[in-house]
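Hi,

Here is the structure I said I would pass on. Have a look at it first, and my notes on what I found follow underneath.

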Amino acid sequence: MGSGVPPERAQPQRTQRTAEDAKKVTNLNQDAAGETGRSARGRGLVVFSRVRAVGADRVEINIYVLRKIMNKTFRVFATCDIGEAIDLLRKRGYELEVYPHPEAPPKSLIVEKVKSGIDGLITTLRDPVDAEIFEAGKGRLKVVAQIAVGFDNINRADANRYKIPFTHTADVLTEATAEFAFFMMGTLARKMWTAEHLTRENQWGYWHPYLPFLRDEVTGKTVAVIGTGRIGLAFIKKCVGFDMNVLCYDPAYENHAFVKTIQEIYDLRHARGLVREEGWIKYVGFEEALRQADFVSVHVPLLREGESATPTYHLFNEKTLSLMKATAYLVNTSRGPVIDEAALALALRENWIAGAALDVYEKEPLPADSPLRDPAITDRCRLMPHFASAARITRLSTDPDKGMAGRCAQGLIDVLESNYGGDVTKMPYVVNKEAFAK
Ligand code: GLV
């Protein structure tokens, strides 16, 4: 829909490669010649041995010199540690330098490393990647592999101008992020944080029908899902289990086939007597979604003015927050700048809405003087440390179909080792394919 559709959202990327593709792809969990096993590398040759039992007391040892590969050693700088995937890249013969501290390296250091002639740069959402970096890597830097699905830290126009492909780690964090958003919604609605504090602080003296406070159920309520890309759709699937009615809004792309399927599930559940009231799901306009919803969950990418026909920067501001019900809750696991935090703090202070739970912020980490830290709103404002995808397998599995680390490393390998016949437009994890279309 419209020119503002970010290509990676309009056309969800495949997670499964075809058999044909697979033949052409060298994989992180295999050696560089495409075999799983112990490999030794010498002057571009991979030596691979296979031992197999051929009888009760006999083994056969085959030693293959598979093929000449990678005459060149690829040099890579990673701005953060991505776990075991780093070791696997090293085993392939990559020369890898990893920034040793948990915080982001200064941009000047990234520029310096890129200038030194690296082939690949592993980044994450906190590293600014723009013309200065691409200029430093001119003629040498071949790929930026981002360990995150969001890539608002990478200047796409600059990457395209310098013809540097960048990859991201979509899909593998979809469920983890969606379930975290769902948990945040429940935590907020039932005031679990306050309830636990009260218990810990020894203020729980009796069981009582309505004290210390009552809250509202999530089950059967109406949720507005703002952004129906991968994570928004996964979030809706979780809401179905809680009999929630769903108002969908997406500024760029509407997935009516998905909505139809969910409605069919609701119809069936009702017809079979699993629920008393039939649930519903539909696309509506933004303002209608905000006016009707009991919960609003945000799943749009951050797109600033000029980056898209449908920018999302400060989509939630004083005007739009004031449209929400006074009993409604807002959950954001997308990107911080989608919400004007000063406006949200005001809305919470003045009870325009009942509460908010945030995992992402306009500035990260959340500054000490953020208005969101106002003690007057603590009971209705939950603050998480950009944590939604922080599940073990999701973050660190070296399997590109399961983990961000594996997918990040595989994106790097695809470009550096010319997988898919070197055709960047066919590489599943490359974002800016438009720069390479013939
Ligand atoms: C996390 O926010 C991500 O973009 O992966």
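**What I found**

Glu 287 is exposed, because just 12 other C-beta atoms lie within 10 Å of its own (buried means 20 or more such atoms within 10 Å, exposed means 12 or fewer, partly exposed is in between, and C-beta atoms are placed from the backbone). Glu 287 belongs to helix α11, residues 286-292. Helices here are DSSP runs of H or I with at least four residues, strands are runs of E with at least two, and both are numbered from the N terminus. Leu 321 is 34 residues away from Glu 287 along the chain, and their C-alpha atoms are 9.8 Å apart.

Two things to know before you read on. This is a predicted model, in which local features need pLDDT of at least 70 and side-chain atom pairs count only at pLDDT 80 or more, while totals for chains, interfaces and linings use all residues. Residues are numbered from 1 along each chain as its sequence is written.

**The five-strand sheet**

One open sheet has five strands in the order β5-β4-β6-β7-β8, and the pairing is parallel (two strands pair if DSSP finds at least two bridges between them). Its edge strands, β5 (95-98) and β8 (166-167), each pair on one side only.

Strand β6 (residues 120-123) is covered on both faces: Gly 120 and Ile 122 are buried on one side, Leu 121 and Thr 123 on the other. β6 runs parallel to strand β4 (residues 75-78), joined by three bridges, and Gly 120 is the bridge partner of Val 76. With strand β7 (residues 143-146), β6 makes four bridges, also in the parallel sense, and here Leu 121 stands opposite Val 144. Val 144 in turn stands opposite Phe 166 in β8, where β7 and β8 are paired in parallel over two bridges.

Between β6 and β7 you will find helix α5 (residues 131-136), and the three make a right-handed β-α-β unit. Right-handed means that, with the strands pointing away from the viewer, the path from the first strand over the helix to the second runs clockwise.

**The seven-strand sheet**

The other open sheet I noted has seven strands, ordered β11-β10-β9-β12-β13-β14-β15, with parallel pairing. At its edges are β11 (281-283) and β15 (381-383); each has a single partner strand, so one side of each is left without a neighbour in the sheet.

Strand β9 (residues 222-226) pairs with strand β12 (residues 295-298) in the parallel sense over four bridges, and Ile 226 has Val 298 as its bridge partner. Further along, strand β13 (residues 329-332) is joined to β14 by four bridges, running parallel, with Tyr 329 opposite Gly 355. Helix α13 (residues 341-349) completes a right-handed β-α-β unit with β13 and β14.

β14 (residues 355-358) has both faces covered: Gly 355 and Ala 357 are buried on one side, Ala 356 and Leu 358 on the other. Three bridges join β14 to β15 in parallel, and Leu 358 is the bridge partner of Leu 383. The loop between β14 and β15 holds Pro 365, and the peptide bond from Glu 364 to Pro 365 is cis, with omega near -5°.

**Other backbone details**

There is another cis peptide bond between Leu 211 and Pro 212, where omega is about 5°. Pro 212 sits in the loop between α8 (192-200) and β9.

Asp 243 has a positive phi, near 55°, although it is not a glycine. Asp 243 is in the loop between α9 (230-240) and β10 (245-249), and it is buried because 20 other C-beta atoms lie within 10 Å.

As for helix α15 (residues 404-416), 13 of its 13 residues are buried. Just after α15, Ser 418 has a positive phi of about 55°.

**The ligand**

Which residues are around the ligand? They are Leu 125, Ala 148, Val 149, Gly 150, Leu 173 and Ser 389, counted as near if the C-beta atom, placed from the backbone, lies within 6 Å. This shell divides into four nonpolar residues, two polar and no charged (Ala, Val, Leu, Ile, Met, Phe, Trp, Tyr, Cys and Pro count as nonpolar, Asp, Glu, Lys and Arg as charged, and the others, Gly among them, as polar).

Best wishes
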